[in-house]
Amino acid sequence: MTRVLITGGAGFLGSHVAAALVARPDVELIVAGDVRRPEHPLDGVVYDECDVTIAGALAPLLDRHGIDVVVHLAAIVNPGRDHDMEYRVDVEGSRHVLEACLAAGVRRIVVSSSGAAYGYHPDNPEWLRESDPVRGNDEFPYAKHKRLVEQMLAGYREAHPELEQVVFRIGTILGPTVDNQITALWNGARLLAIRGSESPFVFVWVDDVAGAMARAATDGPPGVYNVAGDGRVTVHELADRLGKPVFTVPAGVLAFALRIGRALRLTVHGPEQVGFLQYRPVLANDRLKSDFGYVPALSSAEAFEAYLDTHPGVALR
């Protein structure tokens, strides 16, 4: 019987993971740790205060509940202007969680990384696999932080093999309440595209991520795995499904406009967003299915359809 702590357990993904764990008969205790309580607590879940930015605060919580598996989800999902705070949560927070796991004798940690860890680079392969290098982007703090955390995890795997790791590099998560900088791209009258780029997306429905996390916390094998639905969807395919035109601009023009917009504080985004749109990491999920033993129920295209079903008004047809 497994006793699980979820950091960031009151958040969007944390709540879905907690629900997936509640449904498993081999899980004895689920503790959702967060800096806030959820609006709708789940039956069968214990809620406790957990701030990953405070060194030494987590180990007593792990001891108190007899935790043997930690699912580490606490992160800044929608980065903005406060990169120092984002670093404290994403990078320093991950180090605090790892150190607490070692101090408390936790046997396994499950970490939500991102396809952004690979970085947004023009020489990315058409399909990125787990053996491809994790490069991030220094100019894009979210991707940089994911790279730093993954490098940290690799160091801990070598120095502390007694702490098993499952690391998920996750594609764009869609769900019934998702609202972020990616879904915002579809809300306007037109979709933005970079000239010469198809800007492909890989999507994964939140229930598939939660299902994979629940397996990782219980009977799944350790390792590093991409988590995404089958296939990919290009910006022009998205526009066609939404019934909206595509506004295509040269990369240099968009970079200049974003530089001016951020200088005038009209947007938190800068020229680095061009690479974010132009060189999106496309994740191959072969290892997730063959080695980890989890097959997402929805493909990328089906996850997008499920998103539209739960967000009426986004599509014009």
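1. Start with the pairing of β4 and β5 in this predicted model. Strand β4 covers residues 69-72, and strand β5 covers residues 108-114. The two strands pair in the parallel sense. Four bridges join them. Look for Val71 as a landmark: its bridge partner in β5 is Val110. As background, strands of a sheet pair through backbone hydrogen bonds, either parallel or antiparallel.

2. Now widen the view to the whole sheet. Seven strands make it up, and the sheet is open. Read across it in the order β3-β2-β1-β4-β5-β6-β10. The pairing is parallel. Which strands sit at the edges? They are β3 (46-49) and β10 (223-227), and each pairs on one side only. Neighbouring strands of the sheet are turned against each other by 20 degrees on average, direction ignored.

3. Follow the sheet to the β10 edge. Strand β6 (residues 164-170) pairs with β10 in the parallel sense, over five bridges. Val167 stands opposite Val224 in β10. Is β10 mostly covered or mostly open? It is mostly covered, with four of its five residues buried.

4. Helix α3 comes next. α3 lies across β1, β4 and β5. Against β4, α3 runs at about 175 degrees.

5. Check how α2 meets α3. Helix α2 spans residues 58-65, and helix α3 spans residues 83-104. Their axes come within 8 Å and cross at roughly 40 degrees. α2 and α3 are therefore oblique to each other. The crossing of α2 past α3 is right-handed. On the α2 side, the contact uses Leu58, Ala59, Leu62 and Asp63. On the α3 side, it uses Val97, Ala100, Cys101, Ala103 and Ala104. By class, the residues of this contact are eight nonpolar, no polar and one charged.

6. A second helix pair deserves a look: α1 and α5. Helix α1 (residues 12-22) packs on α5 at an angle of about 55 degrees. Their axes are 8 Å apart. α1 and α5 are therefore oblique to each other. Their crossing is right-handed. From α1, the contact takes Phe12, Leu13, His16, Val17, Ala20 and Leu21. From α5, it takes Val206, Asp207, Val209, Ala210, Met213 and Ala214. The contact of α1 with α5 counts ten nonpolar residues, one polar and one charged.

7. Stay with α5 for a moment. Why is helix α5 (residues 206-216) described as largely enclosed by the rest of the structure? Eight of its eleven residues are buried, so that description follows. The buried residues of α5 are Val206, Asp208, Val209, Ala210, Ala212, Met213, Ala214 and Ala216.

8. Finish with one residue in a loop. Ser199 is found between β8 (191-194) and β9 (203-205). Ser199 has a positive phi of about 45 degrees, although it is not a glycine. Is Ser199 buried or exposed? Buried means under 20% relative accessible area. Ser199 is at 4% relative accessibility, so it counts as buried.

Terms used
Residues are numbered from 1 along each chain as its sequence is written. This is a predicted model: local features need pLDDT of at least 70, side-chain atom pairs count only at pLDDT 80 or more; totals for chains, interfaces and linings use all residues. Side-chain values use heavy atoms; hydrogens and water are left out. Axes are lines fitted to C-alpha atoms, for helices over the stretch in contact, and angles run from 0 to 180 degrees between N-to-C directions. Angles under 35 degrees count as roughly parallel, over 145 as roughly antiparallel, 65 to 115 as roughly perpendicular and the rest as oblique. A crossing is left-handed if the near helix is turned anticlockwise from the far one by less than a right angle, and right-handed if clockwise. Contact means heavy atoms within 4.5 Å. Ala, Val, Leu, Ile, Met, Phe, Trp, Tyr, Cys and Pro count as nonpolar, Asp, Glu, Lys and Arg as charged, and the others, Gly among them, as polar. Two strands pair if DSSP finds at least two bridges between them. Buried means under 20% relative accessible area, exposed over 50%, partly exposed in between (1.4 Å probe, protein chains only).
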